Amino acid sequence: METNLQSECQIKTNQVEVSFVLPCLNEARTVGACVRDCLGVIRSSNVVGEVVVADNGSTDGSQKLAESAGARVIHVQRRGYGSALLAGIRSAEGKYVVMGDSDMSYDFTQVPRFIEKLRQGNDLVMGCRMSRGGGTILPGAMPLLHHWLGNPVLSILGRILFATDIIDFQCGIRGFSRERALELGLCTPGMEFASEMIVKASLAKWKIAQVPVTLRQDGRNRPPHLRTWRDGWRHLRFMLLHAPRWLFLLPGLSVMLLSACSYAALIWAPVTFHGIRFDTKTLLIAAAGILVGFQVTLMGLFSELFCQTTGLLPSRNLGDAVLKSGPFEKGLLFGGMLFLGGALCLVLGFLNWKKTGFGDLDSPNTLRLIISSVTGMSLGVQAVFGGFVLAVLGIKSDSE
């Protein structure tokens, strides 16, 4: 019987349509049942398939149990959920890969829905455990903190940052084209692999579908590998680092615009609003806001170009427009004008100070000139060197 099951899994590369990839770390209680369920789906669905168990260093005999059940076991030395899945995907021989946990938390009899969607031309088919997408979370299957805070917040954030309609970002069962997945450059070793796949697939404009699934209470007799706060932070960190527009550009531009409006209102004279007088001290705060906003905006452009030129993000209109504009020359011109304007204000401020006999700098007009001077000269220096950095980041693109 064992030989028949193994031969059923070990089929020539050009014949395999679906590879089940199951990451495993000390899942002796459940891995055998998961493998048998997957093989049952292969038989009942009349598909040519295999089951690959990517073992991440189990010490409880999970490897032998998986092999006995009919899986092909590969040994993955680098620890981590993502590392195991990456190795399994690379080792898989199927046109499509269906990944799922080996702890019996997912019902693999629902996989034919994934296969159908993949055959229809979808590049990624996501499972959805949430009721909003028709899914079901059975009692005790998911901690309340994950159910009502972690997963919804990360999924909402992911939909906003990456313009996707995926409901359940962290769902562990999903199917995808193996060839296209290898083109994404997936690399994260930990639990954030689940977010990385969706983020990069969304940025690459993959065709993505969703199917409802049921999450059951797992069959473990030990705590799960998932660590709520550590892994939640890793998901959030990955998303933010791949969304420089939201992390840098939009906040930076917003702060700079708001500060510039306040600055323009106060540059010539104080303003009284509802009995409150705003003068040079508020002008100084507005100037600081302009400088901070401009610096954060520059960081956003740096990040956008770096991610684009290194392949972390696909080529986008903003990055291409910045490179084509000649950032070094534009930075020199724009920065030089700002610096000279600031220097002129400094001279005028010095002359005003001279008229007072070089006394205390408490004249509002003199302070306005000094604040304008510092702001203009600081912006000028940032613009010149920022343009230089943008040009350096674009060297690779220019040479291609």
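The legends below describe close-up views of a predicted model.

**View 1. A nonpolar patch on the surface, built from residues of α13, α14 and their surroundings****.** The residues F328, L332, F388, V389, V392 and I395 form this nonpolar surface patch, and together they have about 490 Å² of accessible area. Two helices, α13 (327–355) and α14 (364–393), each supply at least two residues of the nonpolar patch, and the largest share, three residues, comes from α14. One of the patch members, V389, has its place in helix α14, where V389 counts as partly exposed because its relative accessibility is 33%, a value between the limits of 20% for buried and 50% for exposed.

**View 2. The second largest pocket and its lining****.** The second largest pocket holds about 330 Å³ of space and is lined by 16 residues, of which F162, A163, S202, L203 and K205 lie nearest the centre of the pocket. Three helices, namely α6 (144–162), α8 (193–203) and α10 (244–266), each supply at least two residues of this lining, with α6 giving the most, three residues. Sorted by class, the lining of the second largest pocket comprises nine nonpolar, three polar and four charged residues.

**View 3. K205, a lining residue with positive phi****.** K205, one of the residues nearest the centre of the second largest pocket, lies in the loop between α8 and β8 (208–212). The phi angle of K205 is near 65 degrees, which is a positive value in a residue other than glycine; most residues other than glycine have a negative phi. With a relative accessible area of 70%, K205 is exposed, since exposed residues are those over 50%.

**View 4. The salt bridge between E17 and R119****.** Side chains of opposite charge can pair when their charged atoms come close, and the count of salt bridges in this model comes to 13. In one of them the side chains of E17 and R119 meet with an N to O distance of 2.8 Å. E17 lies in the loop between α1 (2–9) and β1 (18–24), whereas R119 lies in helix α5 (residues 111–119), so the pair ties together parts that are 102 residues apart in sequence. The two partners fall into separate accessibility classes: E17 is buried, with a relative accessible area of 19%, while R119 is partly exposed, with a relative accessible area of 47%.

**View 5. The salt bridge between D103 and R220, with the neighbouring loop residue M104****.** D103 forms a salt bridge with R220, and the closest N and O atoms of this pair are 3.1 Å apart. Because D103 lies in the loop between β4 (96–99) and α5, and R220 in the loop between β9 (214–215) and α9 (228–241), the pair ties together parts that are 117 residues apart in sequence. D103 is buried, with a relative accessible area of 3%. M104 is also found in the loop between β4 and α5, and the phi angle of M104 is near 70 degrees, a positive value in a residue other than glycine.

**View 6. The salt bridge between E196 and K200 within helix α8, and a salt-bridge network****.** The side chains of E196 and K200 meet in a salt bridge with an N to O distance of 2.9 Å. The two residues are four residues apart in helix α8, and therefore they are separated by about one helical turn. E196 counts as buried, at 0% relative accessibility, and K200 is likewise buried, with a relative accessible area of 8%. Elsewhere, salt bridges that share partners join E27, D103, D218 and R220 into one network.

**View 7. Two leucines of helix α10 and their distances to other residues of the chain****.** L258 is found in helix α10 and counts as exposed, at 61% relative accessibility. The C-alpha atom of L258 is separated by 63 Å from that of L65, and these residues are 193 residues apart along the chain. L266 is found in helix α10 as well, but L266 is buried, with a relative accessible area of 4%. Between the C-alpha atoms of L266 and C38, which are 228 residues apart along the chain, the separation is 70 Å.

Note on methods. Residues are numbered from 1 along each chain as its sequence is written. This is a predicted model: local features need pLDDT of at least 70, side-chain atom pairs count only at pLDDT 80 or more; totals for chains, interfaces and linings use all residues. Side-chain values use heavy atoms; hydrogens and water are left out. Patches are made of residues with over 30% relative accessible area and no salt bridge: like charges are joined within 9 Å, nonpolar side chains (Val, Leu, Ile, Met, Phe, Trp, Tyr) within 5 Å. Accessible areas come from the Shrake-Rupley method with a 1.4 Å probe; for residues, only the protein chains shown count as cover. A salt bridge is a side-chain nitrogen of Lys or Arg within 4 Å of a carboxyl oxygen of Asp or Glu. Buried means under 20% relative accessible area, exposed over 50%, partly exposed in between (1.4 Å probe, protein chains only). On a 1 Å grid over the protein atoms alone, a cavity is a set of points where a 1.4 Å probe fits but cannot get out, and a pocket is an open set with protein on both sides within 12 Å along at least five of seven lines; lining residues have an atom within 4 Å of a point. Grid points are joined across faces, edges and corners, and a volume is the space filled by probe spheres set on the points. Ala, Val, Leu, Ile, Met, Phe, Trp, Tyr, Cys and Pro count as nonpolar, Asp, Glu, Lys and Arg as charged, and the others, Gly among them, as polar.
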